[in-house]
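Visitor: Before we go through the labels one by one, please show me the sequence and the structure.
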Amino acid sequence: MGSLAVGILVAVGASLVGVRASMTELLRTLRHRSTALDIQLLLGRQLLGLLWGGGALVGSFWLASHGVRWLDAAFGRPTTPTLDVFWVGLLYSAVLFVAWDASRFVVHWLMHRVPALWAIHQLHHSAEVLTPLTFHRLHPLESVLYQLRSAGVTAAIAGLFFWVFREQAQVFSLLGVHAAGFVLNAVFGNLRHSHVWLRFGRVERWLISPAQHQMHHAVDPALQQSNYGTWLAIWDRMAGTLRLAGAEPVTEFGLAEAERNHGDDLVSAWLGPLRDALRSFAPALTLFAAMTASAQEPVDPEDEPAPTEDDWASYGEDILVYAPDGTPRVAGSAHQIGEDVLEQYQHDDIERTMAAVPGVTTRGEDGYGLRPNIGIRGVNSDRSAKITLLEDGVPLVPAPYAAPAAYYFPMAARLVGVEVFKGPAATTHGPHTVGGAINLRTREVPDETTGALDVAAGLRGTARLHGWVGTGNGDHGALLEAVRLETGGFKTLDGGGPTGFERNELMFKGRLGTSGEAASHAVELKLGYASEVSHETYLGLSPSDYAATPYRRYAASQNGEMGWHRTQTELSWSAQVADFKFRTVAYHHWLSRQWTKFNRFAGGPDVHALLQADPTAGTAGAYMAILRGEADTETAEQALQIGTNDRRYHSAGIQSTGQWDVRGEKVDSTLRFGLRLHGDQVDRRHTEEAFAMTSGSLVDMGGDTDVLLDSRDVALAIAAHVQEEVAIGPVHVLPGARVEAIRTQRVDEKAVDRVAVLPGLGALVELGTHAQIYAGGHRGFSPVAPGQPIEVRPEVSWNYELGARVGDAERHAELTGFVNDYVNLTGQCTISGGCVGEMVDQQFNGGRAWVAGLEGVAGHRWLLPGGLELPIDATYTFTHSRFRTSFVSGFPQFGAVTAGDSLPYVPGHSGSARVSLEHDLFRLGVGTTARTGMRDRAGSEALGDGDVPALFLLDAAAEVRVSPLLRVYATGSNLTGSKAVTSWRPFGARPTAPTQVMVGIKLEPAP
């Protein structure tokens, strides 16, 4: 009440001395029926305030104190910075002021855009004359919303500052109120609700003047949709709602009589808006009937939305929906890598491409990404087994349920786009929904006769040949595409021998369709064949050998070779009938692979520990000499066990996805649903033979072939998901759920049935045409593979995120905070992860854990003279991980874990940047990716020599268009020649691929 009294004195004083004011006018204003209602509402608010008491203050204190305890438990109590109390208080006060002002803008903006909230807020706007008392002309529900906002924001800022600065965090205040707010309210605040026309001139682009707020109260609806801010004008500038005050004051305030939902008495002012708000929910409460009725109403063709990338002809190819400026329009964090970026840098290693996406982590292994290790938001990256991988919306890994390791990944040259999404949207895909999903888009059947040819060559005998040709007329067409990539490899094998690889992929698509006014249909057949022969090994180097010759390969890896063949058959039917879209795909994938490689010593030490210890003498030194080929095998324990993992994968299923769009007068709905029946199977036959190291070469010792594993694992799953997007004005609410019913079995063992219910909820609010805020939570899930002990439980987590994005045709930015709270973290044992013998393919419980972080994206495209453009893009990710329970695990990356230990292979900081100079005739680009070091296994101590160091990579690309059909290009990767270790798994140090330069030509019609 103190600030109110001061404000009244200021307003009255200004009125008396104002040239437009008189005592008669002042008395008329005070006797007006609008002012009388202001007084009634003020008294009613004070009465309710006595009943409510200090609820908001107590709520803020409770939230802040619990937040500090949570931060202390999660991150530990930080060392208090040595700053003067004055500067701490100044910083605290400034941050709190900005946060308060921003949150008030958001709530105020929503009050005008959400029908139910506007029904409540219009009580404030019905004032026909403005006095300082109008500030208190609020419905009790609006007061509660603002108090909840106040409690939440105050708790968040206070908790953070007290956690860092402890008792030094004291806000500057006057009479118990924030000092800046008190002064601004006392001097200017109450003039906002008065007839005093006070402008700030140019300053109004930064501070909201009383005159600007009086414009907001004008009868003119256009003025009511402007100047939502309280003090700072930057929020209105960002949302495109800022209006500067003119010389002439506004003279008419309030609402048209027909728009008012209440009378001029207290009871009507309280009950009328409440009744109107409940009415606004009627379309949502009777959503189905209301939408069905509205769907039958004729639609003016001019009101039809413009076609989008989510049109029926490509339905199922794109998962994400994008705005015209390229930003994703989903309630959650989502990112796309377009064909232009994929083509510019021509990365054959998909890990290099994915490293530029915020929240994505990779662990290098062979330097080429033949079998990529990709994680999202802290999930274990080993063999990309903990994320959902899709190609054109269909699961692509050999056996997503029975053996989810990504031993096959499409060649990057064949991709035309990559979509990465996290958060609640993960509930629409599975089975792995903890981190997120990646959808790889392949080329569509063209609408005309066209094609392209790309031939490139580079260092170390590297060559790439990529070509495609297609024809079509919109409804019918065919496409044939082929890629071959080969290289001599960048490693040198002791004693000589190949270390490179060759890969081939062939894809055919044929489409038949019909289109009409009532319905459109398309049937598409997709066939694929792929093969690889790679002379790869799991054996790395010791630290001393790596320092001397990082691209060396020990003689013990002479027999390393991977060979596989894959076939792909998919038949899909897409249809659109009115507002209903539907796609059904039947698919079958088959993969046969054999990998021969060094496994272990017959009776010697653990190879991973041996290489990290780097012994030079004694028994361990003798084993190291045998690996290098410098000493011969002399005992049975020194025999080198060379194993062949022979596996056959079958994956088949049928999935249907649908989308129903209905537009109502006040509520729009998009219902997405899907059903998948899937079965997969893996046959494993793992064998070993003993070899002796003799004069630097491996010699078969002629013993029996040991069979380590001969098994068949099968999985059958029925998965269903549903997600409803309800749009009420600018507010989009997306409740959804996924259900996974899974039966897994190792043949000759009892089948295990599990059912997982995975709810999710997302929300998106559009702040004007160029800004969005979003939030959501969902239950993450990763299934248990067949043949696991009954005590092994699925990986389950509760995941939350909160973010905002802004963007237009020239610039964009996005910031997202996330928390993954694991109920049970699991570890999947693979040879690539460091497991050997009977441990391979076993899963282990990892207890409770959590991963939290921040993801940022920013970009700008400058238009320069002479037809030049300068696009710049950058990403950043901060990730913090902790185990919350102590345990001992057989999974080597966990080991003996103490609560508080960090997760392995999760960098704390990572980021990327790209800058290009573009013209119709040429394009030059430079790109970087970087990350901090990662742990080789769980722990809390500082990173050491046995961990993975930081990495910085620099790439460049140049392209010149020689003619409308011919382009010449050159690309360079790792131009700084970094030789940093990318992994210690499974056995020893693995190197970053060295500098590579490729030069090529493209024959392709200009767009």
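**Reasoning from the cut-offs**

Guide: In this predicted model, Thr 514 has a relative accessibility of 47% and counts as partly exposed.

Visitor: Why is Thr 514 called partly exposed?

Guide: Buried would require under 20% and exposed over 50%, and because 47% falls in between, Thr 514 is partly exposed. Thr 514 belongs to strand S14, residues 501–515, and its C-alpha atom is 8.3 Å from that of His 476, although 38 residues separate the two along the chain.

Visitor: How many aromatic pairs are there?

Guide: The count is 15 aromatic pairs. One of them joins Trp 573 and Phe 582, with 5.6 Å from centre to centre and 65° between the planes.

Visitor: What makes the pair of Trp 573 and Phe 582 edge-to-face?

Guide: A pair needs centres within 6.5 Å, and edge-to-face needs planes over 60 degrees apart; since 5.6 Å and 65° satisfy these conditions, Trp 573 and Phe 582 form an edge-to-face pair. Trp 573 itself, at a relative accessible area of 38%, is partly exposed.

Visitor: How do you know that Phe 887 and Phe 894 are edge-to-face?

Guide: Their ring centres are 6.1 Å apart and their planes lie at 85°, so the pair is edge-to-face by the cut-offs of 6.5 Å and 60 degrees. Both Phe 887 and Phe 894 are buried.

Visitor: What makes Arg 149 a charge over the ring of Trp 100?

Guide: The charged end of Arg 149 lies 4.9 Å from the ring centre of Trp 100, where the distance limit is 6 Å, and it sits over that ring.

Technical notes: Residues numbered from 1 in each chain as written. Predicted model: local features only at pLDDT ≥ 70, side-chain atom pairs only at ≥ 80, totals over all residues. Heavy atoms only, no water. Phe/Tyr/Trp six-rings, centres within 6.5 Å; stacked < 30°, edge-to-face > 60°. Buried < 20%, exposed > 50% of the residue type's maximum accessible area, 1.4 Å probe, protein only. Lys NZ or Arg CZ within 6 Å of the ring centre and 35° of its normal. Helix = DSSP H or I, 4+ residues; strand = E, 2+ residues; numbered from the N terminus.
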